[in-house]
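Me: I should like to learn how to read a model of a protein with DNA, one feature at a time. May we take the structure below as the example?

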Amino acid sequence: MENKNGFFEQVYQVVLQIPYGRVTSYGAIAAYLGSKGSARMVGWALNSSRFSKVSIPAHRVVNQAGLLTGKRHFGGQDIMEELLRSEGITVEGGQIMNMEHYFWDPSKELEGY
DNA sequence: TTGCTGACCGACG
DNA sequence: CCGTCGGCCAGCA
């Protein structure tokens, strides 16, 4: 495990495991990491992810309501929506349609990583 | 070193 | 039903 056990690194690993055309929520990642209440840190980690050399599909991470709360951090209000649409996800008004259909739960899919 | 902030979520009144 | 507050961890002034 070359994992540094850092919260950021763990978030990166989970986000990178998100399949194409799927999305997850901050709370799901936080819960998977064992810190349910640290959902805010997940977003903060993703904030640092854009400074990272690796391309993190942060556009696949939205809030529990499927709302693209972090779209403003992509350097454009429409970037995140366009990226999700290019993956076959219907986004309207900054919100994912049928979000539960695209929802990807790391604790279920990864089963403990 | 202390304190505030942050891409959230859930509980409480 | 809707508004408000606390909690979680890390980075920055």
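Me: Which side chain has an N or O atom 3.1 Å from a base nitrogen of DNA strand B?

Reply: Please bear in mind that this is a predicted model. To read such a feature, one looks for pairs of N or O atoms within 3.5 Å. Here the side chain belongs to Tyr-26, whose N or O atom is 3.1 Å from a base nitrogen of DNA strand B.

Me: Which residues have an N or O atom close to a phosphate oxygen of DNA strand B?

Reply: The same kind of atom pair is sought, but one should note whether the protein atom belongs to the backbone or to a side chain. For Gln-64, a backbone N or O atom lies 2.4 Å from a phosphate oxygen. For Arg-72, a polar side-chain atom lies 2.7 Å from a phosphate oxygen.

Me: How many residues surround DNA strand B, and which come nearest?

Reply: One gathers the residues with a heavy atom within 4 Å of the strand. There are 18 around DNA strand B, and Arg-40, Leu-46, Gln-64, Arg-72 and His-73 come nearest. Seen from the DNA, sugar and phosphate make up 49% of the strand B atoms that come within 4 Å of the protein. By class, the protein surface there comprises 7 nonpolar, 8 polar and 3 charged residues.

Me: Which helix gives the most to that surface?

Reply: One assigns each residue of the surface to its element. The helix in question is α3, with 7 residues. Both α2 (26–33) and α3 supply at least two residues each.

Me: At what angle do α1 and α3 pack?

Reply: One compares the directions of the two axes and then asks which residues touch. Helix α1 (residues 7–16) and helix α3 (residues 39–49) pack at about 80 degrees, their axes being 9 Å apart. The two helices are therefore roughly perpendicular to each other. On the α1 side, the contact is made by Phe-7, Phe-8, Val-11, Tyr-12 and Val-15; α3 contributes Met-41, Val-42, Trp-44, Ala-45, Leu-46, Ser-48 and Ser-49. This contact of α1 with α3 includes 10 nonpolar and 2 polar residues, with no charged ones.

Me: How many helices and strands does chain A have, and in what order do the elements run?

Reply: One counts the elements and then follows them along the chain. Chain A has 6 helices and 4 strands, which run α-β-α-α-β-α-β-β-α-α from the N terminus.

Me: What radius of gyration does chain A have, and with what does one compare the value?

Reply: One compares it with the value for a compact globule of equal length. For 113 residues that value would be near 13 Å, and chain A agrees, with 13 Å. Along the principal axes, its C-alpha atoms fill a box of roughly 40 × 30 × 25 Å.

Note on methods:
Residues are numbered from 1 along each chain as its sequence is written. Chains are lettered from A and ligands numbered from 1 in the order in which they are written. This is a predicted model: local features need pLDDT of at least 70, side-chain atom pairs count only at pLDDT 80 or more; totals for chains, interfaces and linings use all residues. Side-chain values use heavy atoms; hydrogens and water are left out. Axes are lines fitted to C-alpha atoms, for helices over the stretch in contact, and angles run from 0 to 180 degrees between N-to-C directions. Angles under 35 degrees count as roughly parallel, over 145 as roughly antiparallel, 65 to 115 as roughly perpendicular and the rest as oblique. Contact means heavy atoms within 4.5 Å. Ala, Val, Leu, Ile, Met, Phe, Trp, Tyr, Cys and Pro count as nonpolar, Asp, Glu, Lys and Arg as charged, and the others, Gly among them, as polar. A polar contact is a pair of N or O atoms within 3.5 Å; within protein, one must be able to donate a hydrogen and the other to accept it, and residues adjacent in sequence count only if both atoms are side-chain atoms. The radius of gyration is taken over C-alpha atoms; the globule rule is 2.2 Å times the number of residues to the power 0.38.
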